[in-house]
Amino acid sequence: MNKLFSNNEVSRGSAVVVGASLSGLMAAIALAEEGMQVTLLEKVGKGHRSGAGLQVDAAGWNATGTERLLRNLASGGKRSIQLWSSIESRLRREAEATSKINLRYDTRVKEVGQDGEAAWVVTDQNETIRGDLVIGADGHHSLVRRFVAPDNAEAKFAGYMVWIASTNEGELPKLLRPGQKHPEVTMLGSDSGFLFGSIIDAGEGVVNRRIGCTWYDNSRNELLRNLGCVKGDVVQHSLNGQDIPVETIDELIMHVTARWEEPWKSAMLHALHNRTLTGTPIKEYVPNRLVRGRIALIGDAAHVPAPITASGFNASLEDAVELGKCVSKGIQGESAEKVLVQYEKARLGSVRRMVQSGKMYSTSFGLSGE
Ligand SMILES: Cc1cc2nc3c(=O)[nH]c(=O)nc-3n(C[C@H](O)[C@H](O)[C@H](O)COP(=O)(O)OP(=O)(O)OC[C@H]3O[C@@H](n4cnc5c(N)ncnc54)[C@H](O)[C@@H]3O)c2cc1C
């Protein structure tokens, strides 16, 4: 629950957070927990996004107040694979219910800057919003990162991709639906990649679970380049189901039909026939810095590990918790910059190690597909 602040309490400062996906929502909640006034800006509209199933660690016995709050919101109170959209809606509900957070959708940040007294963003409506801090939670292709680390601004293509599909189990014939005791995660290998099959809790009040297929594929790099998803070594965008060429859909159907086991086979075939899958080129980013003056990075803007590490989200949560801990000491005047130096000191080493651990894997699996 949020801490209560009386009307005559001294100001705890203000922050602008760029990006209202999982990291941005967690950063805003953590900063508001410390009494800061937060403006949270998201370029797309509410409810326009979706994502993979994420393994979320529940709060341990030694978790602090903010960590406990964030882990409980993210995990729904249990250690399991959660649908990205379930995590996002719980975090968003919390942010919307917090009076210190002003959450604005359809607002793209096009510029960031700072001077000795404040940091600011300029939006696509040419509005300048100032704060004591600006936090970049704007993902792997971060604009804020270009300001913080201009010499190391872009995440790099890792040489492979992932097909992600999540099918409602109600779409499968009853006989093929997994039993209640079916393992939550299954891994299947094959010559050009491997599959993580998962059974995902679809969230409160939803009867059917979802059958998640996360298929890593290193045989499509030419396709990604031909379609403009990857240019040079930089990922430009994902591949929507509707945009996958017919011959590729046919090849994928043949592969899945011949080699996959149930229920993943039927779930993926359903997604292929209905084009409800997405192809995401994998990228990685090893940071050299997380902070410049009053501006800091969090989440995928700060570090992009290969998904095989299954640690991007949990690291983002730890970033938010650490940021809250650092600002709790106060950010008046020059201390704003000192607080962010503390944040970088606490996080940089461990997030660099996290990304590097996945890079070893990408070097063997990813580059072998080029
Ligand atoms: C296939 C896959 C599987 C994964 N599995 C796991 C797992 O099992 N466990 C785990 O811990 N992690 C996993 N991850 C990683 C995890 O999903 C991310 O690390 C996590 O969701 C954090 O994302 P984010 O909020 O930092 O960035 P994003 O989700 O990319 O959000 C960035 C937000 O910023 C907005 N934005 C961008 N630019 C601007 C702008 N200029 N102005 C305003 N808004 C802007 C975007 O619209 C977006 O909403 C996985 C990732 C992938 C791809």
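Where is Ala310 found? Ala310 sits in the loop between strand E19 (295-297) and helix H8, with helices (H or I, at least four residues) and strands (E, at least two) taken as DSSP runs and numbered from the N terminus. Its phi is near 50 degrees, a positive value in a residue other than glycine. The model is a predicted one, so local features need pLDDT of at least 70 and side-chain atom pairs count only at pLDDT 80 or more, while totals for chains, interfaces and linings use all residues. Residues are numbered from 1 along each chain as its sequence is written, and side-chain values use heavy atoms, with hydrogens and water left out.

Ala310 has some company in its backbone geometry. Most residues other than glycine have a negative phi, and most peptide bonds are trans. Asp106 has a positive phi too, near 55 degrees. Asp106 belongs to the loop between strand E5 (101-104) and E6 and is exposed, at a relative accessible area of 51%; here buried means under 20% relative accessible area, exposed over 50%, and partly exposed in between (1.4 Å probe, protein chains only). Arg275, just after helix H7, takes a positive phi of about 55 degrees. Ahead of that helix, a cis peptide bond joins Glu262 and Pro263, with omega at about 5 degrees. Pro263 is part of the loop between helix H6 (246-259) and H7. Helix H7 itself (residues 264-274) has Trp264, Ser266, Ala267, Met268, Leu269, Ala271 and Leu272 as its buried residues.

On the larger scale, the chain is assigned domain 1 (14-154 + 285-360) and domain 2 (156-283), with bounds that come from an automatic or database domain assignment. Taken over C-alpha atoms, the centres of the two domains are 28 Å apart. Contact, meaning heavy atoms within 4.5 Å, involves 18 residues of domain 1 and 20 residues of domain 2. Between them the domains bury about 1600 Å², 59% of it on carbon and sulfur atoms; buried area is the accessible area (1.4 Å probe) that two parts lose on being put together, summed over both. Ile81, Leu83 and Glu154 supply 34% of the area that domain 1 buries against domain 2, more than any other three residues.

What about charge and polarity at this interface? The rule finds zero salt bridges across it, a salt bridge being a side-chain nitrogen of Lys or Arg within 4 Å of a carboxyl oxygen of Asp or Glu. The count of residue pairs in polar contact (both at pLDDT 80 or more) is zero as well. A polar contact is a pair of N or O atoms within 3.5 Å; within protein, one must be able to donate a hydrogen and the other to accept it, and residues adjacent in sequence count only if both atoms are side-chain atoms. On the side of domain 1 that touches domain 2, strand E4 (80-83) and helix H3 (84-96) are the elements that give two or more residues. E4 gives the most, with four residues. By class, that side has eight nonpolar, six polar and four charged residues, where Ala, Val, Leu, Ile, Met, Phe, Trp, Tyr, Cys and Pro count as nonpolar, Asp, Glu, Lys and Arg as charged, and the others, Gly among them, as polar.

Overall, the salt-bridge count comes to 13. One of these links Asp115 and Arg130, whose closest N and O atoms are 4.0 Å apart. Asp115 lies in the loop between strand E6 (109-114) and strand E7 (119-123) and Arg130 in strand E8 (residues 128-131), so the pair ties together parts that are 15 residues apart in sequence. Asp115 is partly exposed at 34% relative accessibility, as is Arg130 at 49%. Arg220 and Asp217 also form a salt bridge (3.1 Å, N to O), and both are buried. There is a network of salt bridges as well, linking Glu67, Arg71, Glu318, Asp319 and Arg347.

Back in helix H8 (residues 312-327), which holds Ser316, Lys325 and Glu322 meet in a salt bridge of 3.7 Å, N to O. The two are three residues apart in that helix, so about one helical turn separates them. Lys325 is partly exposed, at 45%, whereas Glu322 counts as buried at 16% relative accessibility. Ser316 is buried too, at 3%, and its side chain makes a polar contact of 3.4 Å with that of Ser23.
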